[in-house]
Amino acid sequence: MIRIERLNKYYKRLHALKDIYLHVREGELFSYLGPNGAGKSTTIRILTGLTRPSSGKAFLNNFHIEKDRVKAKEQCGFVPQSINLDQELTVFENLNIHGALFHLPRRKRKRRIDELLEYIGLSDRKKTLVKQLSGGMKRRVMISRALVHSPKILFLDEPTVGLDAGIRRRIWALIKKIQQNGTTIFLTTHYIEEAEFLAQRVAFLDEGEIVAIDAPQVLMSKLGSWAIDKIMEDELETVYFSQREDAKQYIAGQEESFTLRRVNLEDAFLSLTGKKPK
Ligand code: ADP
């Protein structure tokens, strides 16, 4: 559904994306993971037609993002990082303008908006001004706006940044539900646990390069199943084990205090990039 071939982006002398290759399957929830400045937003901006690549090709549902620009745009909905709803308009009006931009007939638009508001649990806020909504509600409206024209692909750029834990989980549930309805989802995040929880596959992006692409379970299992964190002076060192018994034995022979836990996706990211996401 998304195909990227040898994509490069330069901002003057800064090489922001370096030979990116990526295939995302239909119906997949794919997460693009990396620290701030890795190039996540740049990739999404190229795919959604907001920035031009310096070289390389990309296709959305087989439409070339530059040569079939209009068709490619119709294939996707985009939820940017910052809230860009019209605060002085109602929820309905915000969605309605978006539907009109995609030339949805008036009746169809109204039906679709009612359906979406029900879907995101905000039917009772249809006539509320956006400025009167909470941060979490605005996020949900942003997501529903991107779905008005029933796109095949949904791009989410850091969808839960700045939200508290409870609201974040609600957004996660909504994202899963959208995927279950058949939409392909491309999600950027620097919250590793978000990718671990949601994604079928993740790509680790580091300084404009993809360093690994695989299922979270596969990336984690390369390290083992168990991790022991130990504090060495002012550094945290982690040792990995396949068997819990081996990990316990390791602790038994030492005097410092340790934490024994399951390996997580952050461990995989750190071992592949040698750094901690910010
Ligand atoms: P991320 O979304 O992973 O945080 P970005 O794609 O925003 O990363 O940025 C990748 C790199 O490109 C960063 O070094 C950033 O400073 C730079 N960059 C992003 N947008 C621009 C721009 N419009 N002009 C110049 N440099 C930019």
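Let's start at a hairpin: strand β11 (residues 226-232) and strand β12 (residues 235-241) pair in the antiparallel sense over seven bridges. Strands here are DSSP runs of E with at least two residues, helices are runs of H or I with at least four residues, and both are numbered from the N terminus. Two strands count as a pair if DSSP finds at least two bridges between them. This is a predicted model, where local features need pLDDT of at least 70, side-chain atom pairs count only at pLDDT 80 or more, and totals for chains, interfaces and linings use all residues. Residues are numbered from 1 along each chain as its sequence is written, and side-chain values use heavy atoms, with hydrogens and water left out.

**The β11-β12 hairpin and the domains**

- Within that hairpin, D229 has T238 in β12 as its bridge partner.
- Two residues sit between the strands β11 and β12, and E233 takes a positive phi near 50 degrees.
- The protein is split into domain 1 (2-215) and domain 2 (224-262), with bounds that come from an automatic or database domain assignment.
- Between the C-alpha centres of domain 1 and domain 2 there are 39 Å.

**The four-stranded sheet**

- Now for an open sheet: its four strands come in the order β2-β1-β4-β5, with antiparallel pairing.
- At the edges you'll find β2 and β5, each of which pairs on one side only.
- Strand β1 (residues 2-11) and strand β4 (residues 55-60) run antiparallel and are joined by five bridges.
- Along that pairing, N8 has S55 in β4 as its bridge partner, and I4 stands opposite A58 in β4.
- Next along, β4 pairs with strand β5 (residues 63-64) over two bridges, again in the antiparallel sense.
- L60 is matched with F63 in β5.
- β4 and β5 make a hairpin with two residues between them, and N61 in the turn has a positive phi of about 50 degrees.

**Salt bridges**

- Searching the whole structure turns up 15 salt bridges, each being a side-chain nitrogen of Lys or Arg within 4 Å of a carboxyl oxygen of Asp or Glu.
- One of them brings together the side chains of E5 and K57, at 4.0 Å from N to O.
- That pair ties distant parts of the chain together, with E5 in strand β1 and K57 in strand β4, 52 residues apart.
- As a rule, side chains of opposite charge can pair when their charged atoms come close.

**Around the ligand**

- The ligand's shell is made of Y11, L14, A16, P35, N36, G37, A38, G39, K40, S41 and T42, where a residue qualifies if one of its heavy atoms lies within 4 Å of the ligand.
- By type, the shell divides into five nonpolar residues, five polar and one charged. Here Ala, Val, Leu, Ile, Met, Phe, Trp, Tyr, Cys and Pro count as nonpolar, Asp, Glu, Lys and Arg as charged, and the others, Gly among them, as polar.
- Both β2 (14-24) and α1 (40-47) supply at least two residues of the shell, and α1 gives the largest share, three residues.
- Oxygen atoms of the ligand come within 2.7 Å of a polar backbone atom of G37 and 2.8 Å of a polar backbone atom of S41.
- T42 joins in through its side chain, where an N or O atom is 2.5 Å from an oxygen atom of the ligand.
- Taken alone, the ligand exposes 570 Å², and the protein buries 57% of that; these accessible areas come from the Shrake-Rupley method with a 1.4 Å probe.

Methods:
Polar contact = N/O pair within 3.5 Å; in protein donor to acceptor, adjacent residues only side chain to side chain.
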